[in-house]
Amino acid sequence: MDILNELAKIKDENALTAFHKKYLSKTGELTAQLQNLKNLPADQRATEGNRINELKRNVEREFFRKQTALREQAINDQLRADPLVDITIPAINVPQGSLHPITYLIRRVTEICRSMGFLVVDGNEVVTEYENFDAVNVPADHPARDMQDTFWLTNGKLLKTQTSAMQNEILRKHGPVVSAIFPGRCYRNEATDASHEFAFFQCEGMMVGENISIANLIYVMKKILSGVYGKDIDVRLRPGYFPFVEPGFELDASCPFCEGKGCSVCKHSGWIEFCGCGMIHQNVLRQANVDPERYQGFAFGFGLTRMAMMQYAISDIRLLNSGNLEFLRGIKR
Ligand code: DAH
């Protein structure tokens, strides 16, 4: 106890070093006491040994604590004493960057979907012809391929034209019961103008399992849209054709900008065309080894880039890929 008291009174590093030498070093008193055990009568050795070892452990622990405290103290004293460093000056106001509107929307949408238990999958940009087309029920002679020409690589792969290209891999990996959302960049052979780009973003989602129905699809779409726009959004379905769904729909959302009263965004109809969707075609499930007799599900795919353009009234799609800081700074969120 006396040793610990002595340690507690120490106030500087020199004294601490001396303390270490006196008790804990190879020539220190505690070490000597341990060495001396062999001279004690055999029946005292064990109890005495335990006592000294425990004391030594306690002293060492307190020694290290003290050492850390003194070092911190020394650094703080030095910082306070240094006339060149005034830690009380307020920080310089460095202009902050902001998220790209697409990144911001991806985060919002995925956050909403995650809260509903969806897996968020980061899709590949380079995919196989099979994944992009055949696996989603677009065989080689299908006319839908004509509208989705893209950049083909010399190894036969391609830059994906639609996020639907990820469906097969996700179903194989996580199916047959899976809910996933997978935003990603897509590419198409386009002559660019204010509303066409060769690279743009889509966001795809799907839910597969037993007893999944169109009612689930409607619920999820309403949740996503209401979450993004921060108000209740209504949806309506119209029949639509996409090779990978049956039945397939075009989904309209009640216009979030005028609450259905009519504005330039919704062309005074009160509704905006939002996305394609439907019940996943049995062939698509079969391609991923999912039994269509037992499992079914819905899929949807919407244009994230288009969503950003509507949201921030961006009139030229090319600005989004431009890296133009003036444009990015002008976007108010
Ligand atoms: N892949 C379609 C496109 O690029 C969008 C789409 C429509 C995705 C319907 C879907 C869907 O999952 O069910 O135009």
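**Aspartate 316, helix α8 and the cores**

Let me begin with a polar pair: the backbone nitrogen of arginine 318 lies 2.9 Å from a polar atom of the side chain of aspartate 316. I should say at once that this is a predicted model, and the distances I quote are computed from it. Aspartate 316 sits in the loop between α10 and α11, and, if we set aside its neighbours within four places in sequence, it is in contact with Asp193, Ala194 and Met309.

Turning to helix α8, which runs over residues 214-229, we find 16 residues reaching 22 Å from the first C-alpha to the last, close to the 22 Å expected at 1.5 Å a residue. At its start, a side-chain oxygen of serine 213 comes to within 3.2 Å of the backbone nitrogen of alanine 215, while just after the helix glycine 230 adopts a positive phi of about 65°. Among the buried residues of α8 are Leu217, Val220, Met221, Ile224, Leu225 and Val228.

That leads to the largest nonpolar core, which has 47 residues, and in which Phe274, Phe300 and Phe302 touch the most other members. Elements giving two or more residues to this core include α5, β5, α8, β7 and β8, and the largest share, 7 residues, comes from α8.

For one of those phenylalanines in detail, phenylalanine 302, again leaving aside neighbours within four places in sequence, is in contact with Val109, Phe201, Gln202, Cys203, Phe274, Cys275 and Met307. Finally, there is a second, separate core of 24 residues, whose members include Ile170, Phe182, Val208 and Ile280.

Conventions
Residues numbered from 1 in each chain as written. Predicted model: local features only at pLDDT ≥ 70, side-chain atom pairs only at ≥ 80, totals over all residues. Heavy atoms only, no water. Helix = DSSP H or I, 4+ residues; strand = E, 2+ residues; numbered from the N terminus. Expected span 1.5 Å × (residues − 1). Buried < 20%, exposed > 50% of the residue type's maximum accessible area, 1.4 Å probe, protein only. Polar contact = N/O pair within 3.5 Å; in protein donor to acceptor, adjacent residues only side chain to side chain. Core = buried A, V, L, I, M, F, W, Y, C linked by side-chain atoms within 4.5 Å. Contact = heavy atoms within 4.5 Å.
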